[in-house]
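Colleague: I have a model open and would like to learn how to read its features one by one. Please start with a single residue and work outwards.

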Amino acid sequence: MSTDGAFDGIRVVELAQWVFVPVAGALLADWGADVIRVERLDGDPYRGLATQGIGTDRGGVNLSMALANRGKRSVALDLRQPQGLDVLHKLLESADVLLTSLRPGALDRLGLDADAVRERHPQLIYARGNGFGVRGPDADQPGYDSSAFWARGGVGHILTPPERDYPISQRGAMGDRNGAMALAFGISAALLKRTRTGQGSVVDVSLLATAMWMLSSDLLAALNGGDVMRTSGRTAVVNPLTATYRTKDNRHVQLMFLQGDRYWAEFCRTVGRPELADDPRFVDLVARRANAEACVAELDAVFATRTLSEWKETLAAMDAPWSPIQSIEEVVDDPQVIANSYIGEVSTEDGISYRLPTVPVQFDGQPPHLRRAPEHGEHTETVLVELGYDWDHISELAESGVIP
């Protein structure tokens, strides 16, 4: 465990599986928390997922599992048995946070609903990640990011061009990882509140709410009579200086000159068309908006004359917001990514190493030190000994099928 993290000394008990809530636990572990994930005796189903050559289909370290569970410890426990629940409550006596993805019905059946747990452990931060919120007719419905975030939250609809027969597919765990950031933020705030009031809190984040937050601009339009515009390739351009242009080699450059008049004259000189700066059709923001189609046509012709590499060199002379549209492979090797340590490396005891994205938050200019994810139940006996169980009692738990 890290010795200089923001959450050093904080213990998190994680009762969760798959991606959303475990990633929140991984972020807390990155910042120094002792995160003990309590897995079923048969393990988190995510351990068996084969996807994109980064899961069990990789033939080595399951990188999907590693990203969601780095830096944690794993205890395998059967919570359906009273002895298993006793172990869990013993853990919670020493914990600051209970982090769970179990649905309300499952928590109720285990006697682990928020009221029951906080009555027994009043100091605890009780943090829940779920699909659709904890109230309403669908509170107990299972929700993954593709269903609760992408589909029901409107993300898939808003990003799919109307002419397509089927919505586009989301990228893997996009809603999960964004929801996890919100959940880690909520837990952080609850811990701060506890230092001031001495009271624990219940923290809730849903994938549905995460989608709505990410689509806030569109929601504002829907709530206030504005236009909700679905993605449709290159739509009508209002400001030609906030558009995407194709290069000679069929790559693209994104301009984002929100203050168009500030950049227009310099931009025209930089791209070799100084006469456009004084063209009455394009001379200011109002003129460019009125003649947007003609302005875009001019700039299309300009950008088609050079390759992306040439445009990167040309536009680098401007102190203005623009970027090339990069592939994921290019992002990994981006000099800014490398300079800011946005990719970290994990080294294991057996000499295997692999790279993972780091948490976007850095403290004092440094990313967190990344540690490997635990094997299923790897720390069961160690944690039980820490809780005061002797070896005879641990053997009894194993013989009863409470632990592996």
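Colleague: Is S341 buried, partly exposed or exposed, and what does that word stand for?

Modeller: Buried means under 20% relative accessible area, exposed means over 50%, and partly exposed lies in between, with a 1.4 Å probe and protein chains only as cover. S341 has 30% relative accessibility, so S341 counts as partly exposed. This is a predicted model in which local features need pLDDT of at least 70 and side-chain atom pairs pLDDT 80 or more, while totals for chains, interfaces and linings use all residues. Residues are numbered from 1 along each chain as its sequence is written, and side-chain values use heavy atoms, with hydrogens and water left out.

Colleague: Where is S341 found?

Modeller: Helices (DSSP H or I, at least four residues) and strands (E, at least two) are runs numbered from the N terminus. S341 sits in the loop between α16 (335–339) and β10 (343–347). Its phi is near 55°, a positive value in a residue other than glycine.

Colleague: Which other residue should I look at for a positive phi?

Modeller: D364, where phi is also near 55° and the residue is again not glycine. D364 lies in the loop between β11 (353–357) and α17. With a relative accessible area of 79%, D364 is exposed. A glycine case is G32, just after α1, with a positive phi of about 110°.

Colleague: How many residues of helix α1 are buried?

Modeller: Eleven of the eleven residues of α1 (residues 20–30) are buried, so the helix is largely enclosed by the rest of the structure. The buried residues include F20, V23, L27, L28 and D30. Over the whole protein, 44% of the 404 residues count as buried.

Colleague: What about single glycines, such as G55 and G175: where are they found?

Modeller: G55 is in the loop between β2 (34–39) and α2 (63–69), and its relative accessible area is 0%, so G55 is buried. G175 is in helix α8 (residues 174–197); this residue is buried too, with a relative accessible area of 0%.

Colleague: How far apart in space are G55 and G71?

Modeller: They are 18 Å apart, C-alpha to C-alpha, with their positions 16 residues apart in sequence. For G175 and Q336, the separation is 161 residues in sequence and 25 Å in space. A301 and Q366 are 65 residues apart along the chain, and their C-alpha atoms are separated by 44 Å. A301 itself is found in helix α13 and, at 45% relative accessibility, counts as partly exposed.

Colleague: How many salt bridges does the structure hold, and what counts as one?

Modeller: A salt bridge is a side-chain nitrogen of Lys or Arg within 4 Å of a carboxyl oxygen of Asp or Glu. The structure holds 23 of them. Take R273 and E298, whose closest N and O atoms are 3.4 Å apart. This pair links distant parts of the chain, 25 residues apart: R273 is in the loop between α11 (260–270) and α12 (285–290), and E298 is in helix α13 (residues 292–303). R273 counts as partly exposed, at 23% relative accessibility.

Colleague: Which residues form a salt bridge with R47 and with R251?

Modeller: R47 pairs with E39, the closest N and O atoms being 2.7 Å apart. Both R47 and E39 are buried. R251 pairs with E330, with 2.7 Å between the closest N and O atoms. The second pair links distant parts of the chain, 79 residues apart: E330 is in helix α15 (residues 328–332), and R251 is in the loop between β7 (244–246) and β8 (252–255). E330 counts as partly exposed at 28% relative accessibility, and R251 counts as partly exposed at 24%.

Colleague: Finally, what is the overall layout, and how is the protein divided into domains?

Modeller: Domain bounds come from an automatic or database domain assignment. Here the assignment gives domain 1 (11–216 + 339–400) and domain 2 (240–327). Their centres, taken over C-alpha atoms, are separated by 44 Å. The protein has 18 helices and eleven strands, and its C-alpha atoms fill a box of roughly 85 × 50 × 45 Å along the principal axes.
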